[in-house]
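Please open the model in your viewer and keep a selection tool at hand. We will go from one stop to the next, with a note on what is there each time.

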Amino acid sequence: MSKVTPNREVISIHIGQAGVQMGNACWELYCLEHGIQPDGQMPSDASIGIADDSFNTFFSETGAGKHVPRAVFVDLEPTVMSVHDITKACFEPANQMVKCDPRKGKYMACCLLYRGDVVPKDVNAAIAAMKVNKTIQFVDWWPVVAPLCVFH
């Protein structure tokens with residue numbers, strides 16, 4: 001009677017921006033630990049086609065000997081926008097919850113909160129570009145025109 005080895009397969013699911021970033025970091029570490037190169041090749045693997053290695057729980061081996069992570073990455077962002085695009089979209093009338101037309105008059109203040117992989121230099125450049133735009137005006141006497149926060 002032969003001994004049957006059970007198949008062990010783990011599929012990792014990474015959802016959203018944080019999930020994708022954490023997943024990328026984890027899989028990069030797994031590949032380093034097992035000597036798997038970015039192209040999926042594993043030079044130290046002398047058991048091509050033999051599925052009894054422990055790393056085959058987390059990696060699927062192709063017929064060509066490449067190791068592919070058993071993972072699903074789902075990014076919930078329909079489109080990735082630049083800091084400038086996001087900042088500009090904040091001032092579009094259709095994106096504001098006001099009863100008046102924001103194109104007629106001046107803003108007293110605004111508070112812009114940026115979250116994620118955002119560089120303050122890009123935020124400052126986007127705000128500077130908005131100040132040059134003549135259709136968006138702020139009152140002259142307000143001491144703090146555009147406070148902003150950047151969350152990483």
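Before we start, one term: two residues are in contact when heavy atoms of theirs lie within 4.5 Å. Please also keep in mind that this is a predicted model.

**Stop 1: helix α2**

Select residues 83–90, which make up helix α2, and pick out its buried residues: Val83, Thr87 and Ala89. Look down the axis of α2: these residues share one side of the helix, because they cover an arc of only 160 degrees around that axis. In general, an α-helix has 3.6 residues a turn, so residues three or four places apart point the same way. What do the buried residues of α2 pack against? Add β5 (112–115) and α3 (120–132) to your selection, as these are the partners of that buried side.

**Stop 2: the cores**

Keep Val83 selected and add Phe91, Tyr114, Val123, Ile136 and Phe138. Within the largest nonpolar core, which has 13 residues, these six have the most contacts. Both β5 and α3 supply at least two residues each to this core. The largest share comes from α3, with four residues. Now clear the selection and choose Trp27, Cys31, Ile36 and Phe59, which are among the six residues of a second, separate core. As background, nonpolar side chains tend to be buried together in soluble globular proteins.

**Stop 3: Thr57 and its contacts**

Next, go to the loop between α1 (16–34) and β2 (59–61), and select Thr57 there. Is Thr57 buried or exposed? Its relative accessibility is 10%, and buried means under 20%, so Thr57 counts as buried. Show what surrounds Thr57: apart from neighbours within four places in sequence, its contacts are Arg8, Glu9, Val10 and Arg70. Try a distance label between the C-alpha atoms of Thr57 and Arg8: these residues are 49 apart in sequence, yet 5.2 Å apart in space.

**Stop 4: the segment before β1**

From Thr57, move across to Val10, one of its contacts. Val10 sits in the segment before β1. At 34% relative accessibility, Val10 is partly exposed. Beyond its neighbours within four places in sequence, Val10 touches Thr57, Phe58 and Arg70. A second C-alpha to C-alpha label, from Val10 to Ala71, should give 8.4 Å for two residues that are 61 apart in sequence.

Stay in the segment before β1 and select Ile11. Here the relative accessible area is 59%, and the cut-off for exposed is over 50%, so Ile11 is exposed.

**Stop 5: a nonpolar patch on the surface**

Switch on the surface and add Ile13, Ile15, Val72, Val74 and Leu76 to Ile11. Together these residues form a nonpolar patch with about 570 Å² of accessible area. Which elements give two or more residues to the patch? They are β1 (12–15) and β4 (71–74).

**Stop 6: the whole chain**

Finally, zoom out and colour by secondary structure to see three helices and six strands. Following the chain along its sequence, you will pass through β-α-β-β-β-α-β-α-β. Of the 152 residues, 26% are buried. The accessible surface comes to about 11,200 Å², and carbon and sulfur atoms account for 60% of that. If you draw the contacts between residues at least 6 apart in sequence, 63% of them join residues at least 24 apart.

Technical notes. Residues are numbered from 1 along each chain as its sequence is written. This is a predicted model: local features need pLDDT of at least 70, side-chain atom pairs count only at pLDDT 80 or more; totals for chains, interfaces and linings use all residues. Side-chain values use heavy atoms; hydrogens and water are left out. Patches are made of residues with over 30% relative accessible area and no salt bridge: like charges are joined within 9 Å, nonpolar side chains (Val, Leu, Ile, Met, Phe, Trp, Tyr) within 5 Å. Accessible areas come from the Shrake-Rupley method with a 1.4 Å probe; for residues, only the protein chains shown count as cover. A salt bridge is a side-chain nitrogen of Lys or Arg within 4 Å of a carboxyl oxygen of Asp or Glu. Buried means under 20% relative accessible area, exposed over 50%, partly exposed in between (1.4 Å probe, protein chains only). The arc is that of the directions from the helix axis to the C-beta atoms. A nonpolar core is a set of buried Ala, Val, Leu, Ile, Met, Phe, Trp, Tyr and Cys residues joined through side-chain atoms within 4.5 Å.
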